[in-house]
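Here are a few notes to read alongside the model, written for someone opening it for the first time. Keep the viewer handy and follow the points in order.

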Amino acid sequence: MRFSPRATGLLAAVVTVTIWTGFIVIARASAQRTLTPFDIALLRIAGASLVLLPWGWWMVRRRQAAAGTAAPPSSLAGISPLPLRTTALLGTFGGLLYAMLAYAGFFHAPATHAAVLMPGSLPLWTALLAAVLLRDRITPLRAAGLALIVAGDLLVGGSSLLAAFAGGDVWKGDLLFMSAAACWAAYSVMARRHAVDAVQATIAITAFACLAYVPSYALLAGLGVVSSRLALAPWSEILFQLAFQGGGSVVISGIAFTRMIQHFGPVRSTMITALVPGLSAFGAVIFLGEPLHWNLVAGLLLVTAGILLGVLRKAPPAAATLQACACGRPTP
């Protein structure tokens, strides 16, 4: 059975928004169970690697067969379709730092904060980095949208920072969420700068994360330097994290996001992904029982308005594509 292009685009949009929303709610719920942030990051990388590493190996071999050459030493053991330097650069920010910072944040701050500070601040960091690295011009309309995003972030993060003087540690999670968004923005800008394909970039960052993180995790956990609770977690939890964090959040959402961009274009896709902060926040209220205070509601409204305002005026293709990639996750 074949779907029409419109049906495929709508399905891709629904899958993308659902997984990105679910990532925030499920990651916070996972932080309240057995596993540590290092464990969840490991399962995310392992789950994605099961699918993407064979895909990358096949892609490299097909390219070699077409060119009639041997495996280049710069292809990261023959499993990354990108050069080694590009793979390491993108993998550090998009594969390692993003996952570790985001998952660590959920152990300190609620999902309602993540809903505002991660997808909400992503266009802000991306626009600033693009202006510096790509000489992308910030138009007055986009500047107004970024100002709304800053105001929304301050409403959410400012209250937790003030509470830090009373002994609260939510501010730590907020800072980690903002740092994770900055890392993903850096990945998005560098991916654009190097003009890499979305699928190849996702394979490359997964390959680098697998080869860099898994041995390091095993060594540090064995020495007792980092805490690991994999042995205490039930198999159902481990398998779920492998499937959702790796297969869903990385593989499926990456492919769905690419198909959504192909059908709706970058500007309309950005408007669709603007639903994620609000849906994530209300999902946290419904499924996790988190309170939705006035400052969170105001922050959500400001951030969502800022995202939409930044794409009301259609930008040139390069800038528009970059902004659309910035407003979501490959990739939570």
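**Notes on a predicted model**

1. Let's start with Glu-237, which counts as buried because its relative accessibility is 4%, under the 20% cut-off. Bear in mind throughout that this is a predicted model.

2. What does the side chain of Glu-237 meet in a salt bridge? The partner is the side chain of Arg-33, with an N to O distance of 3.8 Å. This pair ties together distant parts of the chain: Glu-237 sits in helix H8, while Arg-33 is in the loop between H1 and helix H2 (37-67), 204 residues apart. Is Arg-33 buried or exposed? At 53% relative accessibility, Arg-33 counts as exposed, since the cut-off for that is over 50%. So this salt bridge pairs a buried Glu-237 with an exposed Arg-33.

3. How many salt bridges are there in total? The count comes to three. Another of them joins the side chains of Glu-290 and Arg-28, at 3.6 Å from N to O. Here too, distant parts of the chain are linked: Glu-290 belongs to the loop between helix H9 (275-288) and helix H10 (294-309), Arg-28 belongs to helix H1, and their positions lie 262 residues apart in the numbering. Glu-290 is buried, with a relative accessible area of 9%, and Arg-28 counts as buried too, at 15%.

4. The remaining pair to look up is Asp-136 with Arg-142, whose closest N and O atoms are 3.2 Å apart. Asp-136 has a relative accessible area of 18%, so it is buried. Arg-142 has a relative accessibility of 8% and therefore counts as buried as well.

5. Now go back to helix H1 (residues 5-31) and find Thr-16 there. Thr-16 is buried, with a relative accessible area of 0%. Which residues does Thr-16 touch, leaving aside those up to four places away in sequence? They are Ser-253, Ala-256, Phe-257 and Met-260. For Phe-257 there is a further detail: its backbone nitrogen lies 3.4 Å from a polar atom of the Thr-16 side chain.

6. While you are in that part of the numbering, have a look at Val-250, in helix H8 (residues 235-273). Val-250 counts as buried, with 5% relative accessibility. Its C-alpha atom is separated by 8.0 Å from that of Arg-44, although the two residues are 206 residues apart along the chain.

7. Helix H6 (residues 170-193) offers a quick check on geometry. Its 24 residues should span 34 Å at 1.5 Å a residue, and the end C-alpha atoms are 35 Å apart, so expectation and model agree. Just after H6, look for Ala-195, which takes a positive phi of about 50 degrees.

8. Finally, turn to the surface. Which residues make the nonpolar surface patch of about 390 Å²? Leu-219, Leu-220, Leu-223 and Val-225 do. Leu-223 has its place in helix H7 (residues 198-223). With a relative accessible area of 60%, Leu-223 is exposed, in contrast to Thr-16, which is buried at 0%.

Methods
Residues numbered from 1 in each chain as written. Predicted model: local features only at pLDDT ≥ 70, side-chain atom pairs only at ≥ 80, totals over all residues. Heavy atoms only, no water. Helix = DSSP H or I, 4+ residues; strand = E, 2+ residues; numbered from the N terminus. Buried < 20%, exposed > 50% of the residue type's maximum accessible area, 1.4 Å probe, protein only. Expected span 1.5 Å × (residues − 1). Polar contact = N/O pair within 3.5 Å; in protein donor to acceptor, adjacent residues only side chain to side chain. Contact = heavy atoms within 4.5 Å. Salt bridge = Lys/Arg side-chain N within 4 Å of Asp/Glu carboxyl O. Patch = residues over 30% accessible without salt bridge, like charges linked within 9 Å, V, L, I, M, F, W, Y side chains within 5 Å. Areas by Shrake-Rupley, 256 points an atom, 1.4 Å probe, with all protein chains shown as cover.
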